[in-house]
Amino acid sequence: MNITEYFSSIFKGTLSLLKGMQVTGKELFTKKVTEQYPENRATLHIADRFRGTLQFVYDDEGYHKCTACRTCERNCPNGTITITTRSVDMPNGKKKMKLDKYMYDLGSCTFCDLCVTSCPFHAIEFSNDFEQAVFERDALVKQLNYLPEKEKPAPAPKPAADSAAKPATEAAPAQAAKPAAVETPKDQNEEKDQ
Ligand code: SF4
Ligand code: SF4
């Protein structure tokens, strides 16, 4: 290395150092974006569409909409959802399969949203609650139908048949209007034979 190259390398090094310090100095005065978590938990903004964990959609009266059709379970690519059902007796004497347990393993969920978009009853959704850290993997397996199952009130009995409430003249107009039986040649022959 000759003397010219020596001083040139010192100049380039100094220039590079000044450029780096310029960037650092600029960041000293720009607005800070670092989240002071968890100190700012009360004011932390999480995007509504952030997928934190799967949950049931419960209405104000505590009913969920899951019919245990298993569509979400079949569409989940990695077996994150396990649904068990039980047979219940209906007021009409028939049996019906109802949801027993809806188990969701957050530890294996890829948050692909296929279960939510494939549910025909809009019974599940993703909450944006991101604080899901636990000490045991087993704690990541959650039962989504955690509220006690509520039986829906039996449907009101149907009103009495319309025909019973209507006057006799209105109830049987068809019979009144029915024309008298026309005697056919076949009938006449049968009468003669007797
Ligand atoms: S969450 Fe939806 S798709 Fe899954 S079992 Fe319930 S009703 Fe069916
Ligand atoms: S988001 Fe995807 S991986 Fe997670 S439970 Fe739904 S379908 Fe399965």
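**Close-up views of the predicted model**

In this predicted model, the chain has an average pLDDT of 83, and 78% of the residues score at least 70.

**View 1. The surroundings of ligand 1.** The shell around ligand 1 consists of C66, T67, A68, C69, R70, T71, C72, I83, C119, F121, A123 and I124. By residue class, this shell divides into nine nonpolar, two polar and one charged.

**View 2. The surroundings of ligand 2.** Around ligand 2 there are 13 residues, of which C76, T80, C109, C112 and C115 come nearest. Eight nonpolar, four polar and one charged residue make up the shell of ligand 2.

**View 3. The largest nonpolar core.** This core comprises 13 residues, and those with the most contacts inside it are L54, C72, I81, Y102, Y104, C115 and I124. Strand 2 (81-89) and strand 3 (95-105) each contribute at least two residues to the core. Strand 3 provides the largest share, three residues.

**View 4. The contacts of I124.** I124 belongs to the shell of ligand 1 and is among the residues with the most contacts inside the largest nonpolar core. Apart from neighbours within four places in sequence, I124 is in contact with L54, Q55, F56, V57, C72, C115, V116 and C119. Among these partners, C72 and C119 also surround ligand 1, whereas C115 is one of the residues that come nearest to ligand 2.

**View 5. The segment 163-186.** Throughout residues 163-186 the pLDDT is under 50, and the model has four contacts beyond four places in sequence for this segment. Where pLDDT is low, predicted coordinates should not be read in detail.

Technical notes
Residues are numbered from 1 along each chain as its sequence is written. Chains are lettered from A and ligands numbered from 1 in the order in which they are written. This is a predicted model: local features need pLDDT of at least 70, side-chain atom pairs count only at pLDDT 80 or more; totals for chains, interfaces and linings use all residues. A residue is near a molecule or strand if its C-beta atom, placed from the backbone, lies within 6 Å of it. Ala, Val, Leu, Ile, Met, Phe, Trp, Tyr, Cys and Pro count as nonpolar, Asp, Glu, Lys and Arg as charged, and the others, Gly among them, as polar. pLDDT is the predictor's confidence in each residue, from 0 to 100. Two residues are in contact if their C-beta atoms, placed from the backbone, lie within 7 Å. A nonpolar core is a set of buried Ala, Val, Leu, Ile, Met, Phe, Trp, Tyr and Cys residues joined through C-beta atoms within 7 Å. A residue is buried if 20 or more other C-beta atoms lie within 10 Å of its own, exposed if 12 or fewer, and partly exposed in between; C-beta atoms are placed from the backbone. Helices (H or I, at least four residues) and strands (E, at least two) are DSSP runs, numbered from the N terminus.
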